[in-house]
Amino acid sequence: MHSKAFALFLKDFRSELRTRYAVNSLAMFILVAISVILFSIGQEKIPQSLTGGLFWVVIFFSAMSGLARAFVSEEERGTTLTLQLIASPSTIFTGKLLFNLILVFLMNIVIAVLYSALFDEFVIRSFYLFVLTFVLSNFGLAISSTIIAAIISKAGSKGTLYPVLSFPILLPLILTSVQLTSNCMVGTSFAESKVDLAVIVCYDVIMLTASYMLFDFIWKD
Amino acid sequence: MIWKTFLFLLLCFVSIAGISFPIVENPVHWYQYPMIKGLEENAKIIFFHVPTAWLTVVAFFMSTVYSIQYLRKKNLDDDAKSYTAAQLGIIFCILATVTGAIWAKFAWGSYWSWDPRQTSIFALLLIYGAWFALRSSIESEEKRASLSSVYSIIAFLTVPFFIFIMPRIMLGLHPGAESIEDGKVVQSASPVVDFKMNGNMLLIFFLSLIAFTILYFWMWRVGYKSLIYRDKILKQSSRG
């Protein structure tokens, strides 16, 4: 099962390397989003807590622009039925999740580097806490966006519906991450942020379990 | 018929009693409400605001339960039940948001202040909106039923987070929320929280809750039955 999931991931990875569709559009989107923020700020000094929030705004919208492709691409190429024949639903979900995870991590690392380079106010005082928050939130983001992408691929209108469906699901994750990021910028200790970290871990676990349980119903029709 | 008459009378009584009974400093007669500090005349909206908020949650929960039922049995009747519950749920959700905003304007000074519960009901509104957007985008009945069931289950899983994390992130104004006093976070002791409803107020409050709940279930039954009959008729006409 694992080798099949990995093979599926490799297939996606290779086809991505050939077309570079998702990566290119993601990179451009990140650039556009950050420059829009920079232009709108202009010469103003913005408060530190705001930069933490805007950081997650950029991440959310970039994710919405790039991650919807996972299952839609199969549907467009007409390879859904073949996939249904050769692998079990959970294997397919694992493969797609792996690919989206890589994409999310790549995207968010680029955003974080660019963001800290371009915004003087974005100073992280508790670095390790931020890294932990970052990793945990990325997992949550990848899991939720993969399952919503699966729903979207089976629904009629593809592009516009994705952020609409994802936002309420991602809202708890984003709110907690924003809170944790502002904690990191103030420089709170690990112990004080333990509960918020636990919330994100719970979110990841709950969404992962639910996704695996519910993916069968989306995939088989 | 008896039920409908009973419900009609109950709702009439609740509306009249809720709106017209006077609020006085020291209630003597059975029809007088006590003056609650910090709420004054605004207190009366509680008879209509709380039931709508309660039914929003009930409808959301029922919609999810019938979604699970649909995924288990693949019976389209369950989807009709879930759909009707959500339809009523979004109506009550809008009502709760609007009555809450009006109350907030007079009690807290602004229509919207991102109190934890305001944020939660906003998220619920978003979930309902997304759910209906998803449903309207799918043509096939079975596909629509199973996809929207999956989405409503996933959306339901986020609810505990809202209940749990919201109060941590923002300070509350609703009764029972934490607030800052003298620089320390305490269980709020503001007048809004401390209010004591006397016997008759509690009675009207619970009567209103019961009346609205019966109204909801009645509307829900009518709604899902008409959906099921419509599907039957459509199937028959397409066959013959």
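**Notebook: helix H4 of chain A and some contacts in chain B**

I began with what lies over the buried residues of H4(A), and found that the cover includes helix H1 (2-19), helix H5 (80-86), H6, helix H7 (127-154) and helix H9 (194-219) of chain A. I note here that this is a predicted model, and I keep that in mind for every entry below.

**Entry 1: H4(A) and H6(A).** Which residues of H4(A) are buried? I listed Ala70(A), Phe71(A), Val72(A), Ser73(A) and Glu74(A) as buried in this helix. I then looked up how H4(A), residues 69-77, meets helix H6 of chain A, residues 89-118, and read that their axes come within 10 Å and cross at roughly 120°. The two helices H4(A) and H6(A) are therefore oblique to each other. From H4(A), the contact is made by Ala70(A), Phe71(A) and Glu74(A), while H6(A) brings Ile92(A), Phe93(A), Lys96(A) and Asn100(A). When I sorted the residues of this contact by kind, they came out as four nonpolar, one polar and two charged. Just after H4(A) I also noted Gly78(A), which takes a positive phi of about 75°.

**Entry 2: salt bridges.** How many salt bridges are there over all chains? The count comes to eight, and I followed up three of the pairs.

In chain A, I looked at Asp12(A) and Lys11(A), whose side chains meet in a salt bridge with 3.4 Å from N to O. Asp12(A) has a relative accessible area of 6%, so I wrote it down as buried, whereas Lys11(A), at 31% relative accessibility, counts as partly exposed.

In chain B, the side chains of Arg135(B) and Asp79(B) form a salt bridge at 3.0 Å, N to O. Arg135(B) lies in helix H4 (residues 116-136) of chain B and Asp79(B) in helix H3 (residues 76-107) of chain B, so the pair ties together parts that are 56 residues apart in sequence. Is this pair buried or exposed? Both Arg135(B) and Asp79(B) are buried.

The third pair that I checked was Asp231(B) with Arg230(B), joined by a salt bridge of 4.0 Å, N to O. Here Arg230(B) is partly exposed, with a relative accessible area of 48%. Going back to chain A, I noted that salt bridges with shared partners join Lys11(A), Asp12(A), Glu74(A) and Lys96(A) into one network. I had already met Glu74(A) and Lys96(A) in the contact of H4(A) with H6(A).

**Entry 3: two residues of chain B.** I looked up Ser146(B), which lies in helix H5 (residues 141-157) of chain B and is buried, with a relative accessible area of 8%. Leaving out residues up to four places away in sequence, I found that Ser146(B) touches Phe217(A), Tyr70(B), Leu71(B) and Lys74(B).

Next I took Phe48(B), placed in helix H2 (residues 46-73) of chain B. What does Phe48(B) touch, not counting residues up to four places away in sequence? I wrote down Val14(B), Ser15(B), Ile19(B) and Phe212(B). For one of these, Val14(B), I also noted the C-alpha separation from Phe48(B), which is 9.3 Å for residues that are 34 residues apart along the chain.

**Entry 4: confidence in chain B.** The mean pLDDT of chain B is 82, and 83% of its residues reach 70 or more. Over residues 186-194 of chain B, however, pLDDT stays under 50, and for this stretch the model has 22 contacts beyond four places in sequence.

Key. Residues numbered from 1 in each chain as written. Chains lettered and ligands numbered in written order. Predicted model: local features only at pLDDT ≥ 70, side-chain atom pairs only at ≥ 80, totals over all residues. Heavy atoms only, no water. Buried < 20%, exposed > 50% of the residue type's maximum accessible area, 1.4 Å probe, protein only. Helix = DSSP H or I, 4+ residues; strand = E, 2+ residues; numbered from the N terminus. Axes fitted to C-alpha atoms, helices over the stretch in contact; angles between N-to-C directions. Parallel < 35°, antiparallel > 145°, perpendicular 65-115°, else oblique. Contact = heavy atoms within 4.5 Å. Nonpolar A, V, L, I, M, F, W, Y, C, P; charged D, E, K, R; others polar. pLDDT = per-residue confidence, 0-100.
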